Amino acid sequence: MVMDKKIEKKRMPLWQMGLVSIFVVGGIWFAYRLLADASIRTYRVPSEQLIISSVQFGAFEDLIPIRGTIQPFNSVFLDAVNGGAVEEVFVEEGSFVEAGQALLQLSNTNLRLSAAQNDTNITEQLNLLNNITDGFETTRLSTQRQIIDTEYRITVLERQESRQETLVADGLVSEEQFTAITDELGYQKKVLANHLARQELEIRTRETRLLQIADQIAKLEENLEVSQSSYESLLVRAPIAGQLTSLPVEIGESKQAGQRLGQIDVIDQYKVVAQIDEFYVSSVAAGQSTRFTLSGKEHFATVLKVYPEITAGTFEVDLIFEGASPENVRRGQTLQMELTLGNPIESLLLPLGGFIQDTGGNWVFVIDESGEYAVRHDISVGRRNNRYVEVRDGLNQGDRVITSSYSQMEDMERIQLSQ
């Protein structure tokens, strides 16, 4: 009887088992990558539709863009000191005028009558004070004349007394006559002493009163000058030489006291007046420099004065041109300028773009080494100007960053760049 032979299953060679294991592991890894890629939110976009910039190391200039308006360096406003009706206009708006030149005539009957009455009253008071002064002088002369007369009388009596003293001893003159002369001499000496005391009192009184009168006269003359000038102010004159850039008046039009009549500009020198966001009010100071381009040439200006008052979210600064004013500038012309807030500082710089509005500078898409993908990176930024933003953390020099707008890919984690 023939017995069946057991057939043994051959084992797979080790090399084959190793090969199969490699294929299995590779398949699992490939499947994992496919699933992982599928879970990453990816936005596909042609690279030519994006702006790609490189992170670079350089000097960061703390600049802010400002917009200024050219205005005359000096301007004088013409206001009506006293109200009145426009009677006559002597010059046209836009004309060049000289200092003191008559511009227009106002009429005010009430002011004219008031000025005339004030002139009369003040003149009467001045005449009264002058009469008082003349009275003091008359009294001084009268007292002086009395002193002179008394001194002369004393001199005559002293001579008589000297002569009769000898005659009395010889019996040629009676004792009674000699005594009368002696008594008269004593009396005149007392009168002289009284005159001198009165003269001293009059001098002190006159000096005090003359000082008071001088002050009163000065005030009255000042009042008279004010009264006359108030009437003369109806004839409006140019206080300085320049261009009459504004004169909005019509003949017969009534103007109130303090109302604006016009403006005169000194046009040989200009300044720039700029409005700056209140965010920079603590950073802007006098002496800082600005630059701008006009007619293809670069010019510079310096901050002259900073007005800290905030109005509608902005504050105002005055700037003056460095050197001569640019040619062909006009009043009211607008300039786009860059204001330097501080000295340049070496740091990492990323060109500014639309991404900054979408991310606030908190993250960006950085292109990987392959150039096929851009991956989201968190970053930290510092100061910015109109060209660059300062990178403090999250990027390295040479990194390529998408700097165009992220408006359609803010929720994505990766950008796939297609050709």
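Two rings of Phe, Tyr or Trp pair if their centres lie within 6.5 Å. Keep that cut-off in mind for these exercises on a predicted model.

**Exercise 1. Which residues do ring pairs link into a cluster?**

Solution.
- Step 1: Start with the total. The structure holds six aromatic pairs.
- Step 2: Name the cluster. Ring pairs join Phe355, Trp363, Phe365 and Tyr406.

**Exercise 2. Classify the pair of Phe292 and Phe321: stacked, tilted or edge-to-face?**

Solution.
- Step 1: Recall the two quantities. A pair of aromatic rings is described by the distance of the centres and the angle of the planes.
- Step 2: Read them off. The centres of Phe292 and Phe321 are 5.9 Å apart, and the planes make 55 degrees.
- Step 3: Apply the cut-offs. Under 30 degrees is stacked and over 60 is edge-to-face. The pair of Phe292 and Phe321 is therefore tilted.
- Step 4: Place the residues. Phe292 belongs to strand 12 and Phe321 to strand 14, so the pair ties together parts 29 residues apart in sequence. Both Phe292 and Phe321 are buried.

**Exercise 3. Do the same for Trp363 and Phe365, then describe what else surrounds Trp363.**

Solution.
- Step 1: Take the values. The centres of Trp363 and Phe365 lie 5.3 Å apart, with 85 degrees between the planes.
- Step 2: Classify. An angle over 60 degrees counts as edge-to-face, so Trp363 and Phe365 form an edge-to-face pair.
- Step 3: Check burial. Buried means under 20% relative accessible area. Trp363 has 8%, so Trp363 is buried. Phe365 has 0%, so Phe365 is buried too.
- Step 4: Look over the ring. The charged end of Arg376 sits over the ring of Trp363, 3.6 Å from its centre.
- Step 5: Look at the backbone. The side chain of Thr359 reaches the backbone oxygen of Trp363 at 3.2 Å. Thr359 lies in helix 4. With a relative accessible area of 6%, Thr359 is buried.

**Exercise 4. Which residues of the largest nonpolar core touch the most other members?**

Solution.
- Step 1: Size the core. The largest nonpolar core has 24 residues.
- Step 2: Name the best-connected members. They are Leu350, Val364, Leu395, Ile402 and Tyr406.
- Step 3: Find the contributors. Elements giving two or more residues include strand 16, helix 4 and strand 17. Strand 17 gives the most, with five residues.
- Step 4: Zoom in on Ile402. Its contacts include Leu50, Ile51, Ile52, Phe355 and Phe365.
- Step 5: Look beyond this core. Another core, of 21 residues, lies apart from it, with Ala274, Phe292, Met337 and Leu341 among its members.

Note on methods:
Residues are numbered from 1 along each chain as its sequence is written. This is a predicted model: local features need pLDDT of at least 70, side-chain atom pairs count only at pLDDT 80 or more; totals for chains, interfaces and linings use all residues. Side-chain values use heavy atoms; hydrogens and water are left out. Helices (H or I, at least four residues) and strands (E, at least two) are DSSP runs, numbered from the N terminus. Buried means under 20% relative accessible area, exposed over 50%, partly exposed in between (1.4 Å probe, protein chains only). A polar contact is a pair of N or O atoms within 3.5 Å; within protein, one must be able to donate a hydrogen and the other to accept it, and residues adjacent in sequence count only if both atoms are side-chain atoms. A charge sits over a ring if NZ of Lys or CZ of Arg is within 6 Å of the ring centre and within 35 degrees of the ring normal. A nonpolar core is a set of buried Ala, Val, Leu, Ile, Met, Phe, Trp, Tyr and Cys residues joined through side-chain atoms within 4.5 Å. Contact means heavy atoms within 4.5 Å. Lists of a residue's contacts leave out its neighbours within four places in sequence.
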